[in-house]
Amino acid sequence: MTTKTKKSETAKFLEKLAGGLTLANLLLAIRQGEEMSQVEFAKLLGVSRQYLCDVERGRRSVSPKAAAGFAKKLGYSPQQFVRLCLQDLVNRDGLKLKIDVQDAA
């Protein structure tokens, strides 16, 4: 099954859970749900396997621009990926803030 086909089944569920997820965990869950290796998934995202590994393990942060690009490539909500990215950055810096991105549409 392709990523776009699974989006209808899994995206809504994952996006509901996203309040407690990190972007790294979301990417890992999507990759594992698609039964893809890091090499295959990294190629799909246009990044190196090492970069993806570092992101999945929380050793590296993703920029908001990259998060939006990943979402588009995977057929998911860019707003949700960017929100998770920003929340990860806020959490990393120890700030007690919650990021809430409102969809303008």
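**Exercise 1. Sort the residues that line the largest pocket of this predicted model into nonpolar, polar and charged.**

Solution.
1. List the lining: Thr 22, Leu 23, Ala 24, Val 55, Gly 58, Arg 60, Ser 61, Val 62, Cys 85, Asp 88, Leu 89 and Arg 92.
2. Assign the classes. Cys counts as nonpolar and Gly as polar.
3. The result is six nonpolar, three polar and three charged residues.
4. Place the lining on the fold. Helix H2 (23-33) and helix H6 (78-92) are the elements that give two or more residues to the lining of the largest pocket. H6 gives the most, with four residues.
5. Add the volume, which is about 190 Å³ for the largest pocket.

**Exercise 2. State which elements make up the chain and what share of the residues is buried.**

Solution.
1. Count the elements: the chain has six helices and zero strands.
2. Read the order from the N terminus on, which is α-α-α-α-α-α.
3. Take the buried share, which is 39% of the 105 residues in the chain.
4. Turn to contacts between residues at least 6 apart in sequence: 48% of them join residues at least 24 apart.

**Exercise 3. Decide whether Arg 31 is buried or exposed, and find what its side chain reaches.**

Solution.
1. Locate the residue: Arg 31 lies in helix H2.
2. Apply the cut-off. Arg 31 counts as buried because its relative accessibility is 11%, and buried means under 20%.
3. Look for a partner of the side chain. The side chain of Arg 31 reaches the backbone oxygen of Met 36 at 3.0 Å.
4. List the contacts, leaving out residues up to four places away in sequence: Arg 31 touches Met 36, Ser 37, Gln 38, Phe 41, Leu 52 and Glu 56.

**Exercise 4. Carry out the burial step for Asp 54 and name the residues that Asp 54 touches.**

Solution.
1. Asp 54 is found in helix H4 (residues 49-56).
2. With a relative accessibility of 15%, Asp 54 counts as buried.
3. Not counting residues up to four places away in sequence, Asp 54 touches Arg 59 and Arg 60.
4. Link this to the first exercise: Arg 60 is one of the residues lining the largest pocket.

**Exercise 5. Find where Glu 35 sits, describe its backbone angle and classify its accessibility.**

Solution.
1. Glu 35 belongs to the loop between H2 and helix H3 (38-45).
2. Its phi is positive, about 55°, although Glu 35 is not a glycine.
3. Glu 35 counts as exposed because its relative accessibility is 73%, and exposed means over 50%.

**Exercise 6. Classify the geometry of the aromatic pair formed by Tyr 76 and Phe 81.**

Solution.
1. Count the pairs: there is one aromatic pair.
2. Take the two values for Tyr 76 and Phe 81, which are 5.9 Å centre to centre and 40° between the planes.
3. Compare the angle with the limits. Under 30 degrees would be stacked and over 60 edge-to-face, so the pair of Tyr 76 and Phe 81 is tilted.
4. Check burial: Tyr 76 and Phe 81 are both buried.

**Exercise 7. Describe how Ile 99 is placed relative to Val 82 and which residues Ile 99 contacts.**

Solution.
1. Ile 99 lies in the segment after H6.
2. Ile 99 and Val 82 are 17 residues apart in sequence, and their C-alpha atoms are 9.8 Å apart in space.
3. With neighbours within four places in sequence set aside, Ile 99 is in contact with Arg 83, Leu 86, Gln 87 and Val 90.

Methods: Residues are numbered from 1 along each chain as its sequence is written. This is a predicted model: local features need pLDDT of at least 70, side-chain atom pairs count only at pLDDT 80 or more; totals for chains, interfaces and linings use all residues. Side-chain values use heavy atoms; hydrogens and water are left out. On a 1 Å grid over the protein atoms alone, a cavity is a set of points where a 1.4 Å probe fits but cannot get out, and a pocket is an open set with protein on both sides within 12 Å along at least five of seven lines; lining residues have an atom within 4 Å of a point. Grid points are joined across faces, edges and corners, and a volume is the space filled by probe spheres set on the points. Buried means under 20% relative accessible area, exposed over 50%, partly exposed in between (1.4 Å probe, protein chains only). A polar contact is a pair of N or O atoms within 3.5 Å; within protein, one must be able to donate a hydrogen and the other to accept it, and residues adjacent in sequence count only if both atoms are side-chain atoms. Contact means heavy atoms within 4.5 Å. Rings of Phe, Tyr and Trp (its six-membered ring) pair if their centres lie within 6.5 Å; planes under 30 degrees apart count as stacked, over 60 as edge-to-face and the rest as tilted.
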